Amino acid sequence: MKVTLAMKPTARSFIPIEAESIVPKNFLAGTDLVVWRGNRELRLDEVFTVTVEGHADRSENVEVVLSGDDTFRLKRVGEYMEAGKITVLGNIGMHCGNFMTGGEIEVRGNADGWLGREMGGGTIICRGDAADYCASGYRGGRKGMTGGTVEVFGRAGDFVAEHIAGGTVIIHGSAGDMPGAEMHGGTLTVHGDCSRPAANMKGGSCYVFGTAQGMLPTFRKIGTVQHEGRTLIRFVGDVANRGKGNLFVRDYVYLD
Amino acid sequence: MTELLVKNACVIDPLRSINAETMDIAIRDGRIVEEVSGAAEVIDVHGMLTMPGGVDSHTHICGTKVNFGRYMSPEDMRAGRTPRRGPLHATSGYSVPTTYGNSYRYSVMGYTTLLEGAMAPLEARHTHEEFIYTPLQDTMANTLFDGNWGIMEAIRDGDTKRVAAIIAWTLRAVKGFGVKLTNPGGTEAWQWGKNVSCIRDPVPYFEVTPAEIIRKVIEANELLHLPHSVHLHANNLGTPGNYTCTLGSMGLVPDLNKKRQTLYATHVQFHAYGGSGWPDFCSKSEPIANFVNMRPQIVMDMGQVMFGRTTTMTADGPMEFNLYRLHHEKWSNHDVELETGSGIIPVIYRRKNLVNSIMWAIGLELALLTESPWQCLLTTDNPNGAPFVRYPEIIALLMSKKYRDAEFATVHPDTAARVPLPAIERELDWYEIAVMTRAGQAKALGIQEIGKGHLGPGAYADVAVYPIRIDEVDPSVDHQKVIEAFGQTEYTIKRGRVVARRGECLIDGSNATFWVKPKVSEAYDMGKDPDFIEKFDRYYTVRMRNYPVQEEYLNRNRCIETEAEI
Amino acid sequence: MIVKDAVCPFCGCLCDDIEVEVDGDRVVAVTNACELGTKKFMGEKRLKNPILRDGDAWKDITYDEAARYAAGMLLSAERPLLYGWSGTHGEAQCVGVHMAELVRGVIDNTSSVCHGPSILAIQEVGHPGCTLGVVKNRADLVIYWGSNPIDAHPRHLSRYTRYAEGFFLDNAFRDRKVIVVDVRKTETANIADEFVQIKPGGDYAVLSALRAIVRGKTETIPRTVAGVTREQLVRVANLCKGAKFGAVYFGLGLTMTRGKYKNIRNAIELVSELSRHTKFTISAMRGHYNVYGSNEVNTWMTGYPFGIDFSRGIAFYNPGETTAVDILARKECDAALIVGSDPAAHFPRKCLEHLAEIPVVQLDPYPNATTAFCNVQIPVAVTGIDAVGTAYRMDGVPIRTRQVLSSGYPSDREVLLKMYTLMQEGKGQ
């Protein structure tokens, strides 16, 4: 079954729309769903032109396609998603794929903050850039992402994979400040440059194929290793705590 | 005039020795009366179990450290969120809910009176502000004196009357209810990063021992004729082998009061540990319960631990730091100048953890091995052992050996060799539960005379009707029904109004705060004592005139005056 | 008339030993206060009554009319923002929370642009702190990190640290060491025993290095870290470990610079590590006199200290999303009520552009930069001068401010209650 949600242009164009009802499972029972614009409850068809093709009796067989110029205003799409597929043709708003445990989300454009927050499983692919806190945790929580994969083909903002405890995050472009901060498990790979990777890490592995700017002084240098055809420098840390994480960088610059 | 008649109630009212008698309860203008007119509104409860409103004599619900527990825990706040509905405000939180969250949930369980277990005098205004937003229960605050410089100096000088005078001035100033000692001496030592290991260790600089503090403050408490006894969180909480320290503390207590105990020992589960370290950690509930059984002057509460996540918070700063070093979770500490301190960390009690399993057993054992339910009250030291919403499960565990055995089968397998629980056959009855959750608590707090904890004429019309018929349900096998019944009243009546019904609160309410004003002679008025004033001005950072809590902070002001002997 | 022990409603020190001399409805002299506090007590020119924007002009309106305007504005909004709150008393803040939950709006206070990051850090690792008097009486080492009390909290040094008397210190001025850590040599640095100058953006690295040194991992640390030599880092670590009681006070120089809340988290973790060796505490130098109170009030009523979004009925908290600067910059609100703060003086231009687009009502004793963006401005009494009310000092100690004169202006609480009552009627309650 393919559900196409074409977002209508609206007058009050900047109030965000919270649309956690947009998960494949919900469309098994029809399209009589609600979303929220600020404190107002709206029917799905007040915001989208809804088209359904085919039929499905399992979430795995549902694909939701979101289109329109304003999809960057949609928050919480794919929250708690367990199976199926969501494709966003343009940009998506904050909190896409939060708490996701299965299925796949593909964002063809850019994703706003907190993409895949506290994700437990499944796959998120972002073809454009991801803003801050991609694949991160929640305020005050000890565990961020615990499983699944987030792959960003563009750049990532600050604090990507903060508090990551499991799963895989791959950033093909560069990342901002403090990728992998507080990480205690899982794997983060940044193909480009970033600054201050793996701050205060306790466990897990962080790879930086570019340059680590502002490299923190509290990682112990072990030596060089070969990884996927690259020569990387291996550090262990963060010795500011009792950390036993692995940080691999192509090169690094201290703020001395 | 508003009148209400609760008909066909199966009443258990232990302070009046009423055990499951079917009767009507007449209410006029917020008080229980002998009878009402024919115009009274009638609620027929068809033989449901009916008790005085619940009283919690030791809970942490309002004030600086409770709020800091909320402040530092947005992840806890995500649980239990409800929106504003009609007169009801939004709520958030599981182990440290917002004030409205606490109030509504307690009300749904039939509780109408709460004692905040620890209020630092300097920050008392904060506790009272939160009381105002705890609308469905009457409130009172235990006031912390464990590290009070003036009191330690007076003890060092052997001047018990001055100890009493400082307590009197402070209670009056901060609108406090009772005298709380939390790790006496230890909170002062902790302001140097140190602690006292037990009752014979001197406090740095002040050179008094916890034993002296406990004994002298008890004497002072009785000189002031306070309704409640000294309320003690003993030294050395949470450490293996601490039961000897607990017994030593209890051994200091004379029998000084005919109406009530002379010492209230709180959350004793945390103080009933054997072993020389964590590897041989075990229960010492038996010696503690045996000791209390021979000492009518002591009342304790359980401090039951239940499995799951919660937040620990206490004025016992050094203990929380030790917990932090065990758990490596987030840790907050807040020392209060010249007075006391506090600490907070989140914890998870796990069934698969041997120490946690033993702790769980100890609380139950204390309740089951203490012969008189009047001497062991039901608490979790909310939220330290578990959030109060777990009380119904604890009631069911105490009433059913079968349920205990079923739960015991799920805890750490080595527990059986470390605790006496599996061999205990006792099952508490409805009457004993009523004692442990309201009558005994009201008696221990000394508030039965002002009309709390019973349904006699003149009492506050605080009534809890539970949707269960005790002639039809056997609690030793139907533990699930017991849990459901105590989890949600059919009616909670507070000051004559139905405030909660079947899990829903109905009105916003308006609480009353009880506090104590001991009347002392001019010579013992610390407000006029030059030495007291001089020290205050030099070492506190708040002016003495700005320290007292104004009566504006009391929603409904219920002052209890006592005639002191000084 | 002289009012003694008045409470200064300027900064988070909340000094309560002020003497104010009043002549009729005018303050004529202030004793004990710093310059900032004195200026506040002496007052500025106020509006006589509420004003409503009428084209390019202002029209006088009554308090009832102003309240009706505000209530209508908030009731019709889809995502109203209720912002400010640090410059008013707790009792008014409570009404504000009730208003936000009733209309399902966002309530945020000025901590989102000052110590919000400190709160985020505390939410990750906790906060080992204490009241100011504990430091005054005990501390033999005080560290000011990214804070300059001589400018921002002038009496902090005299009441609580450098120049204060301490019960456990024979000669407090001599026995108490002060370390200042900053990116430039501030006035406070001039009175310090040790000054640590860090390259901008280097606080996090320096804190990490100190933690590692305290843990005995000195050999890992490069020769210099963000401009600070390893020798100095070791010396500072030893001073900390050797102290009987150490206290760190940090300011916006740590909170609002690169890394923000991670800087604070690192500082807290340094203090937690030092607590294994000796007594150490850490606290934020809170700015507005009652910004901490707005955190406290919001927390007991909603569960969160700032940035609370009630759009969906339940409280949702996510600084960076539900905070005023972010909401305004993204144009995610359609009305604003501003109480006890001046966002136009501090917010980025992008935020102000949106503020100019939406209806805005402000409660403030004085016209300020935000007035230019208002549809309605409502003059109110100043807490601590012509109104009483509760404020929370930077260390959490609640103090009831005194009223030193009568002006006839209503308090924030009175005006807000008027609005709230109308809003309840509007909602059929």
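This is a short talk on the sheets, domains and interfaces of chains A, B and C in a predicted model.

I'll start with chain A. Four strands of chain A make an open sheet, and the order across it is S4-S3-S2-S7, with mixed pairing. The edge positions go to strand S4, residues 40-43, and strand S7, residues 74-75; each has a single partner strand, so one side of each has no neighbour in the sheet. Inside that order, strand S2, residues 17-18, and strand S3, residues 34-37, run antiparallel and are joined by two bridges. If you want a residue to look for on screen, take Ile17(A), which stands opposite Arg37(A) in S3(A).

Next, where chain A meets chain B. How many residues of each chain are in contact here? Six from chain B and eight from chain A. Together the two chains bury about 570 Å², and 49% of that is on carbon and sulfur atoms. On the chain B side, Pro74(B), Arg78(B) and His328(B) supply 67% of the buried area, more than any other three residues.

As for charges and polar groups, there are two salt bridges across the interface of chain B and chain A. One of the pairs to look at is Arg142(A) with Glu329(B), a salt bridge whose closest N and O atoms are 3.8 Å apart. The side of chain B that touches chain A consists of one nonpolar, one polar and four charged residues. Two residue pairs are in polar contact across this interface.

Now the contact between chain B and chain C. Chain B puts in 59 residues and chain C puts in 70. The buried area is about 5700 Å², with carbon and sulfur atoms giving 53% of it. Which three residues of chain B supply the most area here? They are Tyr71(B), Arg84(B) and Trp192(B), and their share is 15% of what chain B buries against chain C. For the chain A contact, the corresponding three residues of chain B supplied 67%.

Between chain B and chain C the count is seven salt bridges. Asp5(C) with Arg545(B) forms a salt bridge, the closest N and O atoms being 3.3 Å apart. The side of chain B that touches chain C has 24 nonpolar, 17 polar and 18 charged residues. There are 44 residue pairs in polar contact across this interface.

Backbone pairing also links these two chains. Strand S16 of chain B, residues 332-335, pairs with strand S8 of chain C, residues 128-130, in the parallel sense, over three bridges. Within that pairing, His334(B) has Gly129(C) in S8(C) as its bridge partner.

That brings me to chain C itself. Chain C is divided into two parts: domain 1, which is 45-114 + 289-426, and domain 2, which is 116-284. Their C-alpha centres lie 34 Å apart.

What does the boundary between the domains consist of? In contact there are 13 residues of domain 1 and 15 residues of domain 2. The area buried between the two domains is about 1000 Å², of which carbon and sulfur atoms give 65%. On the domain 1 side, Cys114(C), Met394(C) and Asp395(C) lose the most area to domain 2, together 49% of what that side buries.

Across this boundary there are zero salt bridges. The side of domain 1 that touches domain 2 divides into eight nonpolar, three polar and two charged residues. Four residue pairs are in polar contact between the domains.

Last, the sheet in chain C. Nine strands form an open sheet in the order S5-S4-S20-S19-S18-S6-S7-S16-S17, and the pairing is mixed. Why does this sheet have sides without a neighbour? Strand S5, residues 57-60, and strand S17, residues 316-317, stand at the edges with a single partner strand each, so one side of each is left free of a neighbour in the sheet. Further in, strand S6, residues 80-84, and strand S7, residues 106-109, pair in the parallel sense over four bridges. One of the positions to find there is Gly84(C), whose bridge partner in S7(C) is Asn109(C).

To go back over the salt bridges: two between chain B and chain A, seven between chain B and chain C, and zero between the two domains of chain C.

Definitions and conventions:
Residues are numbered from 1 along each chain as its sequence is written. Chains are lettered from A and ligands numbered from 1 in the order in which they are written. This is a predicted model: local features need pLDDT of at least 70, side-chain atom pairs count only at pLDDT 80 or more; totals for chains, interfaces and linings use all residues. Side-chain values use heavy atoms; hydrogens and water are left out. Two strands pair if DSSP finds at least two bridges between them. Contact means heavy atoms within 4.5 Å. Buried area is the accessible area (1.4 Å probe) that two parts lose on being put together, summed over both. A salt bridge is a side-chain nitrogen of Lys or Arg within 4 Å of a carboxyl oxygen of Asp or Glu. A polar contact is a pair of N or O atoms within 3.5 Å; within protein, one must be able to donate a hydrogen and the other to accept it, and residues adjacent in sequence count only if both atoms are side-chain atoms. Ala, Val, Leu, Ile, Met, Phe, Trp, Tyr, Cys and Pro count as nonpolar, Asp, Glu, Lys and Arg as charged, and the others, Gly among them, as polar. Domain bounds come from an automatic or database domain assignment.
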